[in-house]
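The following note sets out numbered remarks on the model shown below. It takes up enclosed space, open pockets and the contact between chains, in that order.

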Amino acid sequence: MPTADTLAPPAPTQQRAIVEAHGISKQFGDLEVLTNIDFSLAPSEVVCVIGPSGSGKSTLLRCLAFLEPYDHGSVYIDGQLLGYEDRSGQRVRTSEKRVDEVRAPVGMVFQHFHLWPHRTALENVTEALRLVNGLSRRQADTEGIAMLEQVGLADRAGHFPESLSGGQKQRVAIARALAMKPRVMFFDEPTSALDPELVGEVLDVMKKLAADGMTMVIVTHEMGFAAKVADRVIFMDQGRVVESGPPATLFRQPKSERLQQFLNTWRERHID
Amino acid sequence: MFEILLNHYPVLLKGLTTTLVVSLSAIALGLVLGVLLAFGLTSRYHLVRWPCGLYRSFWRGTPILLQLLLVYYLLPEIGIEIAPISAAILTLTLNTTAFQAEIFRSGISHIPAGQIEAARMAGISAWQTRRRIIMPQVFRLTLPPLTNEIITILKNSSLISVIAVTELMRVSEQIASRTFQPLETYLAAAVLYLAVNLVLARISAYLERRMAGGLATE
């Protein structure tokens with residue numbers, strides 16, 4: 001059980017991080033999937049997390065969103081500890097409601113979209129606007145259509161997810177997350193489940209978001225995208241951050257042998 | 001058979017009405033309680049899951065006839081006077097709650113966890129997620145087994161004649177003993193049970209067709 005060792009909020013910095021993690025670890029049974037990870041995300045920063053399958057990158061993102069409770073360390077969203085609280089010197093899990101409150105600034109997009117199949121594209125976008133923000137149907141629909149327009153799908157508003165392509169589903173999922181006006185967006189391998197020809201339309205939406213100044217953490221296998229869009233790239237292996245830095249440095253002058261190996265394998269597969 | 005139907009239709013219809021009142025009340029109450037029990041069965045807290053599992057095991061694992069007699073004789077023992085028809089509705093409700101809960105539990109387990117995570121990340125509360133995201137899909141997914149359960153309860157309601165509720169079965173027994181035409185009488189009762197169940201099956205098939213849109217999961 002985590003102790004109260006890291007309960008103190010992070011010291012204020014010049015530009016306070018929106019998301020900050022100190023020494024987080026996560027175990028599934030005997031398997032340690034994250035080991036002592038530190039992470040910080042400044043406003044408008046775009047961070048891409050890369051690494052081989054099973055390196056812990058998706059788990060890191062899920063811990064940062066508390067979809068997986070981390071075992072040790074601490075995650076702060078906008079300076080507030082996520083998922084735990086101090087009760088008489090003991091660190092205990094907070095209520096689900098408190099988790100919702102703390103991570104309200106975070107929107108998330110998943111690899112497998114996870115649209116609600118019984119709701120149309122528009123209803124997927126407006127559901128939380130009505131339930132959480134208390135908007136009327138008319139207000140929510142107006143905002144929902146605007147969100148779908150932003151991802152180029154206003155004409156698909158009345159369609160159920162089953163009649164949308166993978167790329168369209170993912171764009172609806174992005175619109176659904178954006179509707180809640182998040183200050184930071186987490187993307188968990190947003191293009192990995194897509195046919196190659198549908199990847200571009202999703203990446204274009206994400207590039208536009210980055211250009212508009214959205215703060216983003218993107219777990220991805222799209223190296224080209226990471227090189228172009230990321231301010232910083234984090235390379236993970238075996239649950240640890242091996243290297244991180246600006247994409248130009250990381251991709252051109254990898255320091256660690258593991259990253260060199262990873263990039264060589266990627267180049268062999270993609271430059272033929 | 002037609003003669004029995006024609007000559008005794010007012011009594012038969014009265015019996016059928018009682019059958020429908022008891023069965024449909026139990027089904028409706030069981031639906032509400034079954035949903036709640038299914039939430040209990042799928043709770044992440046062992047302390048909630050365990051008693052819910054025990055309840056389900058008892059009501060699924062003992063004969064309904066025995067349950068009827070237990071409720072009917074047990075309640076007066078602890079000072080609760082209850083009319084036979086109320087005891088019948090109560091027993092059938094408690095019984096179908098267990099079966100419906102198991103149907104809903106299986107439906108809930110088919111909803112991808114990611115859909116729930118997406119709802120939670122959008123700030124939708126756990127309760128609203130159940131109400132707006134999970135259960136609408138579960139009702140669609142479980143309509144065929146749910147129809148089976150409704151038909152089963154309707155048929156099982158014939159057992160409540162043992163605690164002196166004058167429903168269709170008991171009325172048929174009374175007519176058979178008066179007319180000395182048991183075969184014809186029971187055939188007439190069978191036709192009435194079958195007619196009601198066929199109507200229920202048609203309604204279910206219609207609902208299933210209507211709700212088919214938007215059910216595919218990724």
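1. One cavity of 30 Å³ or more is present in the structure, which is a predicted model. The volume of the largest cavity is about 50 Å³. Its lining is made up of A:Gln150, A:Val151, A:Leu178, A:Val205, A:Lys208, A:Leu209 and A:Asp212.

2. Which helix gives the largest share of the lining of the largest cavity? Helix α6 (residues 196-211) of chain A does so, with three residues. Sorted by class, the lining of this cavity holds four nonpolar residues, one polar residue and two charged residues.

3. Turning to open space, the largest pocket encloses about 960 Å³. A total of 29 residues line the largest pocket, and those nearest its centre are A:Glu96, B:Arg44, B:Ile116, B:Arg120 and B:Ala126. By class, 14 of the lining residues are nonpolar, six are polar and nine are charged.

4. The elements behind the lining of the largest pocket deserve a separate remark. At least two lining residues come from each of α2 (96-102) of chain A and, in chain B, α1 (2-41), α5 (113-121) and α6 (126-141).

5. The second largest pocket has a volume of about 280 Å³. It is lined by 20 residues, with A:Val132, A:Met180, B:Met121, B:Ala122 and B:Gly123 closest to its centre. Two or more lining residues are given by each of β8 (106-109) and α5 (166-179) of chain A, and by α5 of chain B. The lining of the second largest pocket comprises 12 nonpolar, five polar and three charged residues.

6. The contact between the chains comes next. The size of an interface is often given as the accessible area lost when the parts come together. Between chain A and chain B the buried area is about 2400 Å², and carbon and sulfur atoms give 55% of that area. Chain A brings 27 residues to the contact and chain B brings 25 residues.

7. How many residue pairs are in polar contact across the interface of chain A and chain B? With both residues at pLDDT 80 or more, the rule finds 10 such pairs. On the side of chain A that touches chain B, the elements giving two or more residues are α2, β8, α3 (121-131) and α5 of chain A. The largest share of that side comes from α3(A), which gives three residues. By class, the side of chain A that touches chain B has 14 nonpolar, three polar and 10 charged residues.

8. Salt bridges are found both in the whole structure and between the chains. Over all chains the search finds 23 salt bridges, and the count between chain A and chain B is five. One salt bridge pairs B:Arg120 with A:Asp100, with 3.1 Å between the closest N and O atoms. B:Arg120 is also one of the residues nearest the centre of the largest pocket.

9. A further salt bridge links the side chains of A:Glu127 and B:Arg132, at 2.8 Å from N to O. Why does this pair join two chains? The pair does so because A:Glu127 belongs to helix α3 of chain A, whereas B:Arg132 belongs to helix α6 of chain B. Helix α3 of chain A thus appears again here, having given the largest share of the side of chain A that touches chain B, and α6 of chain B is among the elements that supply at least two residues to the lining of the largest pocket.

Note on methods:
Residues are numbered from 1 along each chain as its sequence is written. Chains are lettered from A and ligands numbered from 1 in the order in which they are written. This is a predicted model: local features need pLDDT of at least 70, side-chain atom pairs count only at pLDDT 80 or more; totals for chains, interfaces and linings use all residues. Side-chain values use heavy atoms; hydrogens and water are left out. On a 1 Å grid over the protein atoms alone, a cavity is a set of points where a 1.4 Å probe fits but cannot get out, and a pocket is an open set with protein on both sides within 12 Å along at least five of seven lines; lining residues have an atom within 4 Å of a point. Grid points are joined across faces, edges and corners, and a volume is the space filled by probe spheres set on the points. Helices (H or I, at least four residues) and strands (E, at least two) are DSSP runs, numbered from the N terminus. Ala, Val, Leu, Ile, Met, Phe, Trp, Tyr, Cys and Pro count as nonpolar, Asp, Glu, Lys and Arg as charged, and the others, Gly among them, as polar. Contact means heavy atoms within 4.5 Å. Buried area is the accessible area (1.4 Å probe) that two parts lose on being put together, summed over both. A salt bridge is a side-chain nitrogen of Lys or Arg within 4 Å of a carboxyl oxygen of Asp or Glu. A polar contact is a pair of N or O atoms within 3.5 Å; within protein, one must be able to donate a hydrogen and the other to accept it, and residues adjacent in sequence count only if both atoms are side-chain atoms.
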